[in-house]
Amino acid sequence: MAAPSKRAAAQEDAPDERALVKAAMATLRARRVTDEERDEAIEALLGLGSEGPRLLAQHAAKACKAAAKDNGKRIDATLAAFGKGAAAVLKVRLDRKARAEIDEHRAVILAGARDKSLTKERIKSSSDPALARLQELLTVRPAQVWERDEELVERWDACLAGLDAEAKWYRTFERARDALEASGPKGPRQASRLKAPPAPARDAEAALEVLELRAWLATPMGEADQRVFAANRELAGTLDDQELAGVFEHNRRRVLIGLGAQRIDVKLCDAGRGHSKDMEERGFFSHTSPVEGKESFGQRAALAGTSANAENIAMGQRSGRDAVLGWWYSPGHHRNMLGGQSRIGLGRHGVHWTELFG
């Protein structure tokens, strides 16, 4: 009997593609596997014909969905515990002496706002130090909560690791889908049949923003103010991000000073946005518009289907926070910011900003 050729012997010794796919998938499904082993299995599957990418995509989609579900529960529970920790920090800090100091600083700022002779210099020399001290007394930074409870640090690290895993599985799905599409004539059709997992709702940066917001919401305020902040947050995605950021900064200052948070009136935002657009496109900067029927802010609010009794305008700022900061140092605008209205609207167009109150 003739000896087998070298080529035939090599083929007999080499595992076939199906066996390689099976082995790589077994690695992915194993409960105990290192990150390096998992990465090697993923890279192997991406290069194994059409079956490797197809099975990898299905596994990645399933893993991504499971990670998203776990992340949601883990982050919600951690944020709830963090909120309690922030409240505990404030409880220790706000003794009788601190509360008396808070009243004094608030009185300084409000007295300035009521004074018709208020100047920018007085705001800087008197109101600013008072506001800074109020912020120091009434707000909590995440690091202050971590110092009190080291277990929360570990829980937060687990949240970030979970978000990283979710993002990695989503990217793996996309890579596997692309590899399947390029695997042969049938690839595009097979790839189109894959059911993609939802894109990750947030990353580490977005999670940190939520954490900082939770820390802020521990600031002592009434239930009505809590509801206003919640209602305003629900408008995310509806309004410009910088409009929302500006309103948040505005309300943050009001709450520290002891005034109620103002609820966003979307129609006031529309009126403000329209005036900002007119100012930019028609080349004027004034509370009085040359546009017929829109001469006053009251008319502009009425055209939007609402009402207003005060208006702030600004030009040149790139962010909502900077617009609010500019108004803070302008005596007339400063008084409007600290008025007794319950509604607010902020509308921008380019670098023009209009804030309305009602």
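**Exercise 1. A buried tryptophan and its neighbour**

Task: Decide whether Trp216 is buried or exposed, then work out how its ring meets the ring of Phe229.

Solution. Begin with Trp216, which has a relative accessibility of 6%. The cut-off for buried is under 20%, so Trp216 counts as buried. Keep in mind as you go that this is a predicted model.

Next, turn to the aromatic pairs, of which the whole structure holds five. In one of them, the ring centres of Trp216 and Phe229 are 6.1 Å apart, and the ring planes meet at 75°. Plane angles over 60 degrees count as edge-to-face, so that is the name for this pair. As for location, Trp216 belongs to helix H10 (residues 204-217) and Phe229 to helix H11 (residues 223-233); the two are 13 residues apart, and their pair links distant parts of the chain.

**Exercise 2. Following the rings onward**

Task: Find out how the rings of Phe229 and Phe248 are arranged, and compare the burial of these two residues.

Solution. Start with Phe229: its relative accessible area is 3%, so it is buried. Phe229 also forms an aromatic pair with Phe248, with 5.8 Å from centre to centre and 65° between the planes, an edge-to-face arrangement. This pair, too, links distant parts of the chain, from Phe229 in H11 to Phe248 in helix H12 (residues 241-257), 19 residues apart. Phe248 has a relative accessible area of 30%, so this residue is partly exposed.

Elsewhere, Phe82, Trp146 and Trp156 are linked into a cluster by ring pairs.

**Exercise 3. Charges over rings**

Task: Which rings have the charged ends of Lys124 and Arg253 sitting over them?

Solution. Take Lys124 to begin with: its charged end lies over the ring of Tyr329, 5.6 Å from the ring centre. For Arg253, the ring is that of Trp328, and the distance to its centre is 4.9 Å.

**Exercise 4. Building the sheet**

Task: In what order do the four strands of the open sheet lie, and which of them are the edge strands?

Solution. The order is S1-S3-S4-S2, and the pairing is mixed. Strand S1 (263-264) and S2 are the edges, since each pairs on one side only.

Now look at the pairings. S3 and S4 run antiparallel and are joined by six bridges; here Gly345 stands opposite Leu356 in S4. S2 (residues 310-315) has five of its six residues buried. This strand pairs with S4 (residues 352-357) in the antiparallel sense, again over six bridges, and Asn312 faces Glu355 in S4.

Finally, add the helices. H12 lies across S1, S3 and S4, at about 140° to S3. Helix H15 (residues 320-328) packs on the sheet as well, touching S2, S3 and S4, with its direction at about 65° to that of S4.

**Exercise 5. An arginine in the sheet**

Task: Where is Arg343 found, is it buried or exposed, and which side chain does it meet in a polar contact of 2.6 Å?

Solution. Arg343 is part of strand S3 (residues 343-349). Its relative accessible area is 13%, so Arg343 is buried. The polar contact partner is the side chain of Asp265, at 2.6 Å. Leaving aside residues up to four places away in sequence, Arg343 also touches several others, among them Gln262, Arg263, Leu268, Thr306, Ser307 and Phe357.

Conventions. Residues numbered from 1 in each chain as written. Predicted model: local features only at pLDDT ≥ 70, side-chain atom pairs only at ≥ 80, totals over all residues. Heavy atoms only, no water. Buried < 20%, exposed > 50% of the residue type's maximum accessible area, 1.4 Å probe, protein only. Polar contact = N/O pair within 3.5 Å; in protein donor to acceptor, adjacent residues only side chain to side chain. Contact = heavy atoms within 4.5 Å. Phe/Tyr/Trp six-rings, centres within 6.5 Å; stacked < 30°, edge-to-face > 60°. Lys NZ or Arg CZ within 6 Å of the ring centre and 35° of its normal. Pairing = 2+ DSSP bridges. Axes fitted to C-alpha atoms, helices over the stretch in contact; angles between N-to-C directions.
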